[in-house]
Amino acid sequence: GQYGGGQYGGQPNGGMAGPSVMMYQPRADSSCIKIVIAVSLCFGLAFVVAGGVTMGVGGAQKAEVDSLDWTEDFAPMLAKCTITAVEHCWRTEYTKDEGSAGKKSNGGSKIPTCYDMFQPTFDTADKGVGLRGEKDEKQRGDVDCGGGCAPAQPGKSPRYDVGAEVDCWYAVSGSKPNGVYSCENSACIKVRTPQYDIQARQEGSVGLMIAGGVLLGLGVLGMLSCSCVGFCVLKASSRAQPGA
């Protein structure tokens, strides 16, 4: 009949098959993906280079320190040295106040930190008087102490008091033998054992090597991860075709 299988029955549109509905899968923009991969690889390469340079500097410093023998560069003085004065200097440094999750708090206010520095002046028996000794620095706390210098009050210096008789060492060469050592006077006469300088430089060089290794590892890991993810995304993108 009219509605049985003719004009309105059976197949839609009078018995003829209708057009198929085209289903499209989203396809990633390969150009954008390639740009992201290239930028990521550049960042990873920068980390690798920075890590390699840092490790190289640390390794060179460690090799230099390991080749030194402070007992050959310095000799103990037979007579003790006399501390004649101790200068006390203080300063305040400020750091930004950061709230939780790295957000600034208190309107971006700054936190003060006070540092104290003590430096002795000493006399030797036969190698000079009024010589400056090595500095000692310590952090007082999160306070604003301003800044300035004055003679240290008795008992305030972490190592020396005026009038103290202390051991001292002189450079065998008569001047600073190597950049590793800290010398506060031209003759490089020290009231702090030269071994301290060696240990401090060793710790610093090891720290540089560790930091460089971390940067190098992060760079290599980032480059490998980015390459693998980018390859997979591009491969999936190339296979994505519109289908019925």
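**Salt bridges, ring contacts and the α4 surface**

R159 and D136 pair up in a salt bridge, with the closest N and O atoms 2.5 Å apart. R159 sits in the loop between β6 (148-151) and β7 (165-166), while D136 belongs to strand β5 (residues 136-141), so this bridge ties together parts that lie 23 residues apart in sequence. The two ends are covered to unlike degrees: R159 is partly exposed, with a relative accessible area of 34%, whereas D136 comes in at 15% and is buried. D136 gets that label because buried means under 20% relative accessible area. All of this is read from a predicted model.

As for the overall layout, the chain has 4 helices and 9 strands. Along the sequence they follow the pattern α-α-α-β-β-β-β-β-β-β-β-β-α. Of the 244 residues, 26% count as buried. Among contacts with a separation of 6 or more, 71% come from residues 24 or more positions apart. The accessible surface of the chain is about 15,200 Å², and carbon and sulfur atoms hold 59% of that.

Back to the charges. Side chains of opposite charge can pair when their charged atoms come close. The count of salt bridges here is 10. One of them joins R132 to E87, with the closest N and O atoms 2.9 Å apart. This pair links distant parts of the chain, since R132 is in strand β4 (residues 131-132) and E87 is in strand β2 (residues 81-96), 45 residues away. R132 is partly exposed at 31% relative accessible area, and E87 is also partly exposed, at 26%.

Another salt bridge brings together the side chains of E93 and R91, 3.0 Å from N to O. E93 counts as partly exposed with 36% relative accessibility, and R91 is partly exposed too, at 31%. R91 and E93 don't stand alone: salt bridges with shared partners join R91, E93 and E137 into one network.

R132 turns up again around T121. T121 is part of strand β3 (residues 110-123) and is buried, its relative accessible area being 14%. Beyond its neighbours within four places in sequence, T121 contacts T82, I83, T84 and A85, along with G130, L131 and R132.

Which rings pair up, and in what geometry? The count of aromatic pairs is 1. The pair is F74 with Y181: the ring centres are 4.9 Å apart and the planes are at 75 degrees, so the arrangement is edge-to-face. F74 is in strand β1 (residues 74-76) and Y181 is in the loop between β8 (169-171) and β9 (189-190), so the pair ties together parts 107 residues apart in sequence. Both partners are tucked away from solvent by the accessibility numbers: F74 is buried at 2%, and Y181 is buried at 1%. Y170 has a ring contact of another kind, with the charged end of K127 sitting over its ring, 4.6 Å from the centre.

The loop that holds Y181 also holds C188. Most residues other than glycine have a negative phi. C188 goes against that habit, with a positive phi of about 55 degrees although it is not a glycine. C188 is also buried, at 1% relative accessibility.

Over on helix α4 (residues 194-239), the story turns to the surface. F47, V206, I210, V214 and L218 make a nonpolar surface patch of about 430 Å². Helix α4 supplies the largest share of this patch, 4 residues. I210 has its place in helix α4 and is exposed, with a relative accessible area of 54%. E203 lies in helix α4 as well and counts as exposed at 60%. The C-alpha atoms of E203 and G58 are separated by 9.9 Å, although the two residues are 145 residues apart along the chain.

L215, also found in helix α4, is partly exposed at 27% relative accessible area. Setting aside residues up to four places away in sequence, L215 touches F47, V48, A50, G51 and T54. F47 therefore features twice, as a member of the nonpolar patch and as a contact of L215, with L215 partly exposed. The C-alpha atoms of L215 and G52 are 8.1 Å apart, with their positions 163 residues apart along the chain.

Conventions. Residues are numbered from 1 along each chain as its sequence is written. This is a predicted model: local features need pLDDT of at least 70, side-chain atom pairs count only at pLDDT 80 or more; totals for chains, interfaces and linings use all residues. Side-chain values use heavy atoms; hydrogens and water are left out. Helices (H or I, at least four residues) and strands (E, at least two) are DSSP runs, numbered from the N terminus. Buried means under 20% relative accessible area, exposed over 50%, partly exposed in between (1.4 Å probe, protein chains only). Contact means heavy atoms within 4.5 Å. Rings of Phe, Tyr and Trp (its six-membered ring) pair if their centres lie within 6.5 Å; planes under 30 degrees apart count as stacked, over 60 as edge-to-face and the rest as tilted. A charge sits over a ring if NZ of Lys or CZ of Arg is within 6 Å of the ring centre and within 35 degrees of the ring normal. Patches are made of residues with over 30% relative accessible area and no salt bridge: like charges are joined within 9 Å, nonpolar side chains (Val, Leu, Ile, Met, Phe, Trp, Tyr) within 5 Å. Accessible areas come from the Shrake-Rupley method with a 1.4 Å probe; for residues, only the protein chains shown count as cover. A salt bridge is a side-chain nitrogen of Lys or Arg within 4 Å of a carboxyl oxygen of Asp or Glu.
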